[in-house]
Amino acid sequence: MTYDLAIGDYAYSSWSLRGWLLFEKYAIPRHLHLVSFAKDASVADQLPDFAPARTVPAVRTPDGAVVSESLAIIEELSARHPELAIWPSAPKNRAIARNLAAEMHSGFMALRSACPMNLREAFIWPEPSADVLQDVARIEKIWAHARAEADAGPWLLGAYSGADIMFAPVAARLAGYDLPMSALARDYVTTHLSDPAFRRWRAMGLVHGPRLHRYDQPHPLTDWPGPTPLVAKASDATPENAACPYSGKPSTHMLELNGRTFGFCNAFCRDKTLADPEAWPAFMALVNGTD
Ligand SMILES: N[C@@H](CCC(=O)N[C@@H](CS)C(=O)NCC(=O)O)C(=O)O
(Lines give C-alpha, C1' and ligand atoms only; values in the text may rest on other atoms or scores of the structure.)
Protein backbone atom coordinates (compact mmCIF):
# COMPACT_ATOMS: atom_id res chain seq x y z
CA MET A 1 0.00 0.00 0.00
CA THR A 2 1.35 3.39 -0.94
CA TYR A 3 0.20 6.90 -1.74
CA ASP A 4 -1.56 7.84 -4.98
CA LEU A 5 -0.79 11.31 -6.33
CA ALA A 6 -2.80 12.97 -9.09
CA ILE A 7 -1.29 15.92 -10.93
CA GLY A 8 -2.10 18.11 -13.94
CA ASP A 9 0.02 19.32 -16.87
CA TYR A 10 3.66 19.68 -15.89
CA ALA A 11 4.14 22.89 -17.88
CA TYR A 12 1.20 24.75 -16.41
CA SER A 13 -0.10 23.27 -13.15
CA SER A 14 1.58 25.27 -10.42
CA TRP A 15 -0.29 23.56 -7.58
CA SER A 16 0.59 20.15 -8.99
CA LEU A 17 4.26 21.14 -8.97
CA ARG A 18 3.95 21.61 -5.20
CA GLY A 19 2.38 18.19 -4.65
CA TRP A 20 4.92 16.49 -6.88
CA LEU A 21 7.90 18.25 -5.24
CA LEU A 22 6.73 17.06 -1.84
CA PHE A 23 6.99 13.42 -2.89
CA GLU A 24 10.09 13.93 -5.04
CA LYS A 25 12.20 15.96 -2.59
CA TYR A 26 11.48 13.66 0.34
CA ALA A 27 11.61 10.43 -1.73
CA ILE A 28 8.16 9.30 -0.61
CA PRO A 29 6.93 6.42 -2.81
CA ARG A 30 3.76 7.12 -4.78
CA HIS A 31 1.78 6.02 -7.80
CA LEU A 32 1.37 8.93 -10.20
CA HIS A 33 -1.92 9.68 -11.99
CA LEU A 34 -2.00 12.31 -14.73
CA VAL A 35 -4.95 14.49 -15.65
CA SER A 36 -4.87 16.81 -18.64
CA PHE A 37 -6.22 20.35 -18.81
CA ALA A 38 -6.50 19.84 -22.59
CA LYS A 39 -9.35 17.38 -22.18
CA ASP A 40 -12.99 18.42 -22.30
CA ALA A 41 -13.64 16.52 -19.07
CA SER A 42 -13.21 18.53 -15.87
CA VAL A 43 -10.44 17.66 -13.44
CA ALA A 44 -13.07 16.20 -11.08
CA ASP A 45 -14.41 13.97 -13.85
CA GLN A 46 -10.88 12.77 -14.60
CA LEU A 47 -10.40 11.84 -10.95
CA PRO A 48 -13.18 9.39 -10.08
CA ASP A 49 -10.82 7.46 -7.79
CA PHE A 50 -10.02 10.64 -5.86
CA ALA A 51 -13.61 11.78 -5.17
CA PRO A 52 -14.55 14.28 -3.87
CA ALA A 53 -11.38 16.05 -5.12
CA ARG A 54 -12.00 18.56 -7.89
CA THR A 55 -8.51 20.02 -8.26
CA VAL A 56 -4.95 18.77 -8.53
CA PRO A 57 -2.80 17.90 -6.74
CA ALA A 58 -4.86 15.26 -4.99
CA VAL A 59 -3.47 12.53 -2.78
CA ARG A 60 -5.07 9.31 -1.64
CA THR A 61 -3.34 8.03 1.47
CA PRO A 62 -2.63 4.31 1.91
CA ASP A 63 -5.58 4.13 4.35
CA GLY A 64 -7.92 5.72 1.80
CA ALA A 65 -8.24 9.40 2.82
CA VAL A 66 -8.35 11.90 -0.06
CA VAL A 67 -6.45 15.16 0.56
CA SER A 68 -6.75 17.78 -2.16
CA GLU A 69 -5.50 21.05 -0.71
CA SER A 70 -1.77 21.34 -1.23
CA LEU A 71 -1.10 22.80 2.21
CA ALA A 72 -3.15 20.04 3.84
CA ILE A 73 -1.16 17.48 1.82
CA ILE A 74 2.11 18.89 3.17
CA GLU A 75 0.73 18.97 6.74
CA GLU A 76 -0.62 15.43 6.54
CA LEU A 77 2.55 13.91 5.13
CA SER A 78 4.61 15.83 7.65
CA ALA A 79 2.50 14.30 10.46
CA ARG A 80 2.72 10.81 8.97
CA HIS A 81 6.50 11.01 8.31
CA PRO A 82 8.03 13.08 11.13
CA GLU A 83 11.47 11.62 10.40
CA LEU A 84 11.52 13.46 7.06
CA ALA A 85 11.44 16.92 8.72
CA ILE A 86 9.21 18.39 6.02
CA TRP A 87 8.82 21.34 8.39
CA PRO A 88 12.01 22.57 10.11
CA SER A 89 12.53 20.81 13.44
CA ALA A 90 13.48 23.97 15.37
CA PRO A 91 10.14 25.34 16.66
CA LYS A 92 10.83 28.98 15.73
CA ASN A 93 11.87 28.10 12.18
CA ARG A 94 8.93 25.70 11.89
CA ALA A 95 6.51 28.45 12.90
CA ILE A 96 7.98 30.83 10.33
CA ALA A 97 7.91 28.16 7.60
CA ARG A 98 4.29 27.30 8.31
CA ASN A 99 3.30 30.96 8.29
CA LEU A 100 5.03 31.50 4.94
CA ALA A 101 3.33 28.46 3.45
CA ALA A 102 -0.09 29.55 4.70
CA GLU A 103 0.36 33.10 3.39
CA MET A 104 1.28 31.69 -0.02
CA HIS A 105 -1.65 29.31 -0.01
CA SER A 106 -4.17 32.09 0.58
CA GLY A 107 -2.48 35.11 -0.99
CA PHE A 108 -0.72 36.85 -3.84
CA MET A 109 -3.80 36.85 -6.03
CA ALA A 110 -2.55 39.64 -8.32
CA LEU A 111 0.66 37.77 -9.13
CA ARG A 112 -1.19 34.50 -9.53
CA SER A 113 -3.76 35.87 -11.93
CA ALA A 114 -1.47 38.15 -14.01
CA CYS A 115 1.45 35.72 -14.24
CA PRO A 116 0.20 32.13 -14.65
CA MET A 117 2.98 29.58 -14.50
CA ASN A 118 4.14 28.59 -17.97
CA LEU A 119 7.36 26.59 -17.89
CA ARG A 120 7.60 26.43 -21.68
CA GLU A 121 8.10 30.17 -22.13
CA ALA A 122 9.78 33.11 -20.43
CA PHE A 123 8.38 36.59 -20.90
CA ILE A 124 9.55 40.15 -20.51
CA TRP A 125 6.93 42.31 -18.85
CA PRO A 126 8.56 45.77 -18.83
CA GLU A 127 5.83 47.51 -16.85
CA PRO A 128 4.23 45.14 -14.36
CA SER A 129 1.00 46.39 -12.81
CA ALA A 130 1.07 48.10 -9.40
CA ASP A 131 -0.81 45.29 -7.66
CA VAL A 132 1.66 42.69 -8.99
CA LEU A 133 4.57 44.84 -7.79
CA GLN A 134 2.89 45.05 -4.40
CA ASP A 135 2.73 41.25 -4.22
CA VAL A 136 6.39 41.02 -5.22
CA ALA A 137 7.35 43.52 -2.51
CA ARG A 138 5.48 41.47 0.11
CA ILE A 139 7.12 38.26 -1.11
CA GLU A 140 10.56 39.88 -0.89
CA LYS A 141 9.80 41.02 2.63
CA ILE A 142 8.73 37.63 3.98
CA TRP A 143 11.54 35.82 2.16
CA ALA A 144 14.08 38.24 3.68
CA HIS A 145 12.53 37.75 7.12
CA ALA A 146 12.83 33.97 6.82
CA ARG A 147 16.35 34.11 5.41
CA ALA A 148 17.43 36.27 8.36
CA GLU A 149 16.40 33.38 10.66
CA ALA A 150 17.97 30.72 8.44
CA ASP A 151 20.95 28.61 9.33
CA ALA A 152 23.44 27.99 6.56
CA GLY A 153 21.76 26.76 3.39
CA PRO A 154 20.16 28.32 0.37
CA TRP A 155 16.50 27.69 1.21
CA LEU A 156 14.10 29.93 3.13
CA LEU A 157 14.86 28.42 6.52
CA GLY A 158 18.26 26.97 5.64
CA ALA A 159 17.33 23.40 4.74
CA TYR A 160 14.58 22.64 2.20
CA SER A 161 11.12 22.63 3.81
CA GLY A 162 7.40 22.83 3.09
CA ALA A 163 7.77 26.61 2.76
CA ASP A 164 10.10 26.15 -0.22
CA ILE A 165 7.65 23.72 -1.81
CA MET A 166 4.94 26.37 -1.62
CA PHE A 167 7.14 29.05 -3.19
CA ALA A 168 8.64 27.01 -6.05
CA PRO A 169 5.98 28.12 -8.57
CA VAL A 170 6.27 31.70 -7.26
CA ALA A 171 9.98 31.60 -8.09
CA ALA A 172 9.08 30.35 -11.57
CA ARG A 173 6.66 33.26 -12.00
CA LEU A 174 9.06 35.96 -10.77
CA ALA A 175 11.75 34.67 -13.11
CA GLY A 176 9.42 33.71 -15.96
CA TYR A 177 7.95 37.22 -16.20
CA ASP A 178 11.28 38.96 -15.56
CA LEU A 179 9.82 40.81 -12.57
CA PRO A 180 12.12 43.24 -10.73
CA MET A 181 13.40 41.82 -7.45
CA SER A 182 16.06 42.28 -4.79
CA ALA A 183 19.41 40.47 -4.99
CA LEU A 184 18.35 38.23 -2.11
CA ALA A 185 15.11 37.29 -3.82
CA ARG A 186 16.98 36.65 -7.07
CA ASP A 187 19.41 34.30 -5.30
CA TYR A 188 16.49 32.35 -3.87
CA VAL A 189 14.70 32.21 -7.25
CA THR A 190 17.93 30.93 -8.85
CA THR A 191 18.15 28.24 -6.17
CA HIS A 192 14.72 26.97 -7.24
CA LEU A 193 15.41 27.12 -10.97
CA SER A 194 18.70 25.23 -10.46
CA ASP A 195 17.23 22.59 -8.18
CA PRO A 196 17.48 19.21 -9.96
CA ALA A 197 13.95 18.21 -8.87
CA PHE A 198 12.51 21.45 -10.28
CA ARG A 199 14.54 20.89 -13.45
CA ARG A 200 13.14 17.37 -13.81
CA TRP A 201 9.60 18.67 -13.50
CA ARG A 202 10.25 21.39 -16.09
CA ALA A 203 11.96 18.93 -18.44
CA MET A 204 8.79 16.81 -18.35
CA GLY A 205 6.73 19.96 -18.92
CA LEU A 206 8.72 20.78 -22.04
CA VAL A 207 7.93 17.44 -23.68
CA HIS A 208 4.67 16.15 -22.23
CA GLY A 209 1.22 17.31 -23.32
CA PRO A 210 -0.01 19.89 -25.81
CA ARG A 211 0.65 23.60 -25.73
CA LEU A 212 -2.31 25.27 -24.01
CA HIS A 213 -2.97 28.61 -25.64
CA ARG A 214 -4.79 30.00 -22.65
CA TYR A 215 -1.37 30.30 -20.99
CA ASP A 216 0.03 32.42 -23.86
CA GLN A 217 0.83 36.02 -22.92
CA PRO A 218 0.95 39.30 -24.85
CA HIS A 219 4.52 39.94 -23.61
CA PRO A 220 7.70 39.52 -25.66
CA LEU A 221 9.51 36.20 -25.21
CA THR A 222 12.97 35.79 -23.79
CA ASP A 223 15.33 32.92 -22.94
CA TRP A 224 14.47 30.67 -20.02
CA PRO A 225 16.17 32.28 -16.97
CA GLY A 226 17.30 28.98 -15.42
CA PRO A 227 20.40 26.90 -16.18
CA THR A 228 21.00 26.17 -19.87
CA PRO A 229 20.57 22.43 -20.50
CA LEU A 230 23.29 20.37 -22.18
CA VAL A 231 22.56 19.96 -25.89
CA ALA A 232 21.27 16.48 -26.79
CA LYS A 233 19.29 15.24 -29.78
CA ALA A 234 17.20 12.21 -30.72
CA SER A 235 19.10 9.48 -32.54
CA ASP A 236 18.66 6.12 -34.32
CA ALA A 237 22.19 4.91 -33.60
CA THR A 238 22.97 1.82 -31.50
CA PRO A 239 23.11 2.79 -27.81
CA GLU A 240 25.95 2.05 -25.39
CA ASN A 241 23.43 0.75 -22.85
CA ALA A 242 21.17 -2.19 -23.55
CA ALA A 243 18.83 -1.29 -20.67
CA CYS A 244 17.01 1.96 -19.86
CA PRO A 245 18.71 3.75 -16.92
CA TYR A 246 15.32 4.29 -15.29
CA SER A 247 13.35 1.06 -15.78
CA GLY A 248 15.97 -1.53 -16.72
CA LYS A 249 13.81 -2.47 -19.73
CA PRO A 250 15.40 -2.82 -23.21
CA SER A 251 16.60 0.39 -24.90
CA THR A 252 14.32 1.32 -27.81
CA HIS A 253 14.51 5.14 -27.96
CA MET A 254 17.88 6.84 -28.27
CA LEU A 255 19.50 10.22 -27.75
CA GLU A 256 22.93 11.53 -28.64
CA LEU A 257 24.96 13.57 -26.18
CA ASN A 258 28.56 14.66 -26.87
CA GLY A 259 28.85 12.14 -29.71
CA ARG A 260 27.70 9.20 -27.57
CA THR A 261 24.37 7.35 -27.89
CA PHE A 262 22.20 6.32 -24.95
CA GLY A 263 18.98 4.30 -24.97
CA PHE A 264 15.70 4.46 -23.04
CA CYS A 265 12.67 2.19 -22.86
CA ASN A 266 10.15 4.66 -24.29
CA ALA A 267 9.81 8.05 -25.96
CA PHE A 268 8.92 9.94 -22.77
CA CYS A 269 11.99 8.64 -20.87
CA ARG A 270 14.17 9.68 -23.80
CA ASP A 271 12.51 13.05 -24.39
CA LYS A 272 12.44 14.21 -20.77
CA THR A 273 16.16 13.39 -20.56
CA LEU A 274 16.85 15.14 -23.83
CA ALA A 275 15.17 18.28 -22.48
CA ASP A 276 17.64 18.59 -19.58
CA PRO A 277 20.13 15.71 -19.32
CA GLU A 278 21.84 16.90 -16.14
CA ALA A 279 18.59 16.89 -14.17
CA TRP A 280 18.42 13.07 -14.19
CA PRO A 281 20.86 11.42 -11.75
CA ALA A 282 20.45 7.87 -13.12
CA PHE A 283 21.22 9.10 -16.62
CA MET A 284 24.23 11.16 -15.52
CA ALA A 285 25.55 8.15 -13.60
CA LEU A 286 25.37 6.22 -16.89
CA VAL A 287 27.14 9.03 -18.77
CA ASN A 288 29.84 9.35 -16.12
CA GLY A 289 30.29 5.60 -15.72
CA THR A 290 29.30 5.70 -12.06
CA ASP A 291 26.07 3.69 -12.27
N1 LIG B 1 -6.34 25.20 -3.21
C2 LIG B 1 -5.89 24.15 -4.09
C3 LIG B 1 -5.79 24.71 -5.49
C4 LIG B 1 -5.58 23.64 -6.53
C5 LIG B 1 -5.88 24.12 -7.93
O6 LIG B 1 -6.54 25.15 -8.13
N7 LIG B 1 -5.40 23.35 -8.90
C8 LIG B 1 -5.68 23.65 -10.28
C9 LIG B 1 -4.50 23.24 -11.15
S10 LIG B 1 -3.05 24.22 -10.87
C11 LIG B 1 -6.83 22.82 -10.78
O12 LIG B 1 -6.91 21.65 -10.48
N13 LIG B 1 -7.70 23.43 -11.56
C14 LIG B 1 -8.79 22.71 -12.17
C15 LIG B 1 -10.11 23.31 -11.90
O16 LIG B 1 -10.16 24.30 -11.15
O17 LIG B 1 -11.09 22.79 -12.43
C18 LIG B 1 -4.55 23.62 -3.56
O19 LIG B 1 -4.02 24.18 -2.62
O20 LIG B 1 -4.05 22.61 -4.04
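Two strands are taken to pair if DSSP finds at least two bridges between them, and with that criterion in hand the tour of this predicted model can start at a sheet.

**The sheet**

Select strand S7, residues 232-235, together with strand S8, residues 253-257: the two run antiparallel and are joined by 4 bridges. Within this pair, serine 235 can be picked out as the residue that stands opposite methionine 254 of S8. Next add strand S9, residues 260-264, which pairs with S8 in the antiparallel sense over 5 bridges. Methionine 254 is worth keeping highlighted here, since its bridge partner in S9 is glycine 263, while further along S8 leucine 257 stands opposite arginine 260 of S9.

Now move to the turn of the hairpin formed by S8 and S9, where 2 residues lie between the strands and asparagine 258 takes a positive phi near 50°. With the three strands displayed as one group, the view shows an open sheet in the order S7-S8-S9, with antiparallel pairing. S7 and S9 are the edge strands, each of them pairing on one side only. If direction is ignored, neighbouring strands of this sheet are turned by 35° against each other on average. Then add helix H10, residues 267-275, which packs on the sheet and touches S7, S8 and S9, its direction making about 15° with that of S8.

**The ligand and its shell**

Leave the sheet and centre the view on the ligand, which is surrounded by 14 residues, the closest being Ser13, Trp15, Val43, Thr55 and Ser70. Colouring this shell by class gives 5 nonpolar, 8 polar and 1 charged residues. To see where shell residues come from, select helix H1 (14-25) and helix H3 (70-80), each of which supplies at least two of them; the largest share, 3 residues, comes from H1.

**The nonpolar core**

For the last stop, turn to the largest nonpolar core, a set of 72 residues in which those with the most contacts inside the core are Ala6, Ala97, Leu100, Leu156, Ala163, Ala168 and Ala171. Helix H7, residues 162-176, can be selected next, as the largest share of this core, 9 residues, comes from that helix.

Which residues are in contact with leucine 156, once its neighbours within four places in sequence are left aside? Selecting around leucine 156 on that basis brings up Ala97, Leu100, Trp143, Ala146, Arg147, Ala150, Ser161, Ala163 and Asp164. Ala97, Leu100 and Ala163 in that list are also among the residues with the most contacts inside the core.

Definitions and conventions:
Residues are numbered from 1 along each chain as its sequence is written. This is a predicted model: local features need pLDDT of at least 70, side-chain atom pairs count only at pLDDT 80 or more; totals for chains, interfaces and linings use all residues. A nonpolar core is a set of buried Ala, Val, Leu, Ile, Met, Phe, Trp, Tyr and Cys residues joined through C-beta atoms within 7 Å. A residue is buried if 20 or more other C-beta atoms lie within 10 Å of its own, exposed if 12 or fewer, and partly exposed in between; C-beta atoms are placed from the backbone. Two residues are in contact if their C-beta atoms, placed from the backbone, lie within 7 Å. A residue is near a molecule or strand if its C-beta atom, placed from the backbone, lies within 6 Å of it. Ala, Val, Leu, Ile, Met, Phe, Trp, Tyr, Cys and Pro count as nonpolar, Asp, Glu, Lys and Arg as charged, and the others, Gly among them, as polar. Axes are lines fitted to C-alpha atoms, for helices over the stretch in contact, and angles run from 0 to 180 degrees between N-to-C directions.
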